[in-house]
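Reader: Hey, I've just opened this one and could use a hand finding my way around. Can we go through it bit by bit?

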Amino acid sequence: MTDRLRLLVVDDDLVDRLAIRRSVEQSGLDASINEASDSHEAAAKLDALARDKKNGAANDRATLFDQAGNAWLLASHPDQANDSFTAGLALSPADSDLLT
């Protein structure tokens with residue numbers, strides 16, 4: 001049995017997000033699809049997922065914190081990015097992707 005694929009589609013165009021959602025649904029993939037209209041919204045969603053201990057092992061959550069940190073940087077929020085990277089390092093201190 002495989003884990004269900006979780007996708008976060010980030011695009012400022014609703015029509016594009018809907019087209020991607022439709023394509024994934026029609027592909028038959030077993031996937032949950034979440035959407036964000038910009039990097040700020042994406043960062044907040046990724047950060048919330050990473051902070052929820054039900055979302056995988058420490059290394060998985062550290063990866064989510066890494067993605068959240070990068071999204072915060074894209075959204076011009078370096079303080080939140082630092083918080084996400086720091087939380088990820090607490091979970092996975094040897095993860096070089098989090099050492100920014």
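Reader: Let's start with Glu41. What is its relative accessible area?
Author: Glu41 has a relative accessible area of 29%, so it's partly exposed. Here, buried means under 20% relative accessible area, exposed means over 50%, and partly exposed is in between, using a 1.4 Å probe and the protein chains only. Bear in mind that this is a predicted model: local features need pLDDT of at least 70, side-chain atom pairs count only at pLDDT 80 or more, and totals for chains, interfaces and linings use all residues. Residues are numbered from 1 along each chain as its sequence is written, and side-chain values use heavy atoms, with hydrogens and water left out.

Reader: OK. Which side chain meets Glu41 in a salt bridge?
Author: That's Lys45, at 3.5 Å from N to O. A salt bridge here is a side-chain nitrogen of Lys or Arg within 4 Å of a carboxyl oxygen of Asp or Glu. Lys45 is partly exposed too, at 26% relative accessibility.

Reader: And how are Lys45 and Glu41 placed in helix 2?
Author: They're four residues apart, so about one helical turn separates them. Helices (H or I, at least four residues) and strands (E, at least two) are DSSP runs, numbered from the N terminus.

Reader: What about Arg51 and Asp47, what do their side chains do?
Author: They meet in a salt bridge as well, with 2.6 Å from N to O. Arg51 and Asp47 also sit four residues apart in helix 2, which puts about one helical turn between them.

Reader: Asp47, buried or exposed?
Author: Asp47 is buried, at 12% relative accessibility. Its partner Arg51 is partly exposed, at 43%. Elsewhere, Arg17, Arg21, Glu25 and Glu35 form one network through salt bridges that share partners.

Reader: How many salt bridges does the structure hold?
Author: Six. One of them pairs Arg4 with Asp30, whose closest N and O atoms are 2.9 Å apart.

Reader: Where do Arg4 and Asp30 lie?
Author: Arg4 is in the segment before strand 1, and Asp30 is in the loop between helix 1 and strand 2 (31–36), so the bridge ties together parts that are 26 residues apart in sequence. Arg4 is partly exposed, with 48% relative accessibility, and so is Asp30, with 49%. The backbones meet there as well: the C-alpha atoms of Arg4 and Ala31 are 5.5 Å apart, although 27 residues separate them along the chain.

Reader: Let me zoom out. How many helices and strands are there?
Author: Four helices and two strands. Starting at the N terminus, the order is β-α-β-α-α-α. The C-alpha trace spans about 40 × 35 × 20 Å along its principal axes.

Reader: And buried residues, what percentage of the protein do they make up?
Author: They're 31% of the 100 residues.

Reader: So which residues touch the most other members of the largest nonpolar core?
Author: Leu46 and Trp72, out of the 13 residues in that core. A nonpolar core is a set of buried Ala, Val, Leu, Ile, Met, Phe, Trp, Tyr and Cys residues joined through side-chain atoms within 4.5 Å.

Reader: Which elements give two or more residues to this core?
Author: Helix 2 (39–51), helix 3 (58–74) and helix 4 (78–91). Helix 3 gives the most, with six residues.

Reader: Switching topic: where is Ala75?
Author: Ala75 is in the loop between helix 3 and helix 4. With a relative accessible area of 16%, it's buried.

Reader: How far is Ala75 from Ala43, going by C-alpha atoms?
Author: Their C-alpha atoms are separated by 8.0 Å, and the two residues are 32 apart along the chain.

Reader: Last one, Ser76. What is its phi near?
Author: Phi of Ser76 is near 60 degrees, a positive value in a residue other than glycine. Most residues other than glycine have a negative phi.

Reader: And where's the place of Ser76?
Author: Ser76 is in the loop between helix 3 and helix 4. At 59% relative accessibility, Ser76 is exposed, whereas Ala75 is buried at 16%.
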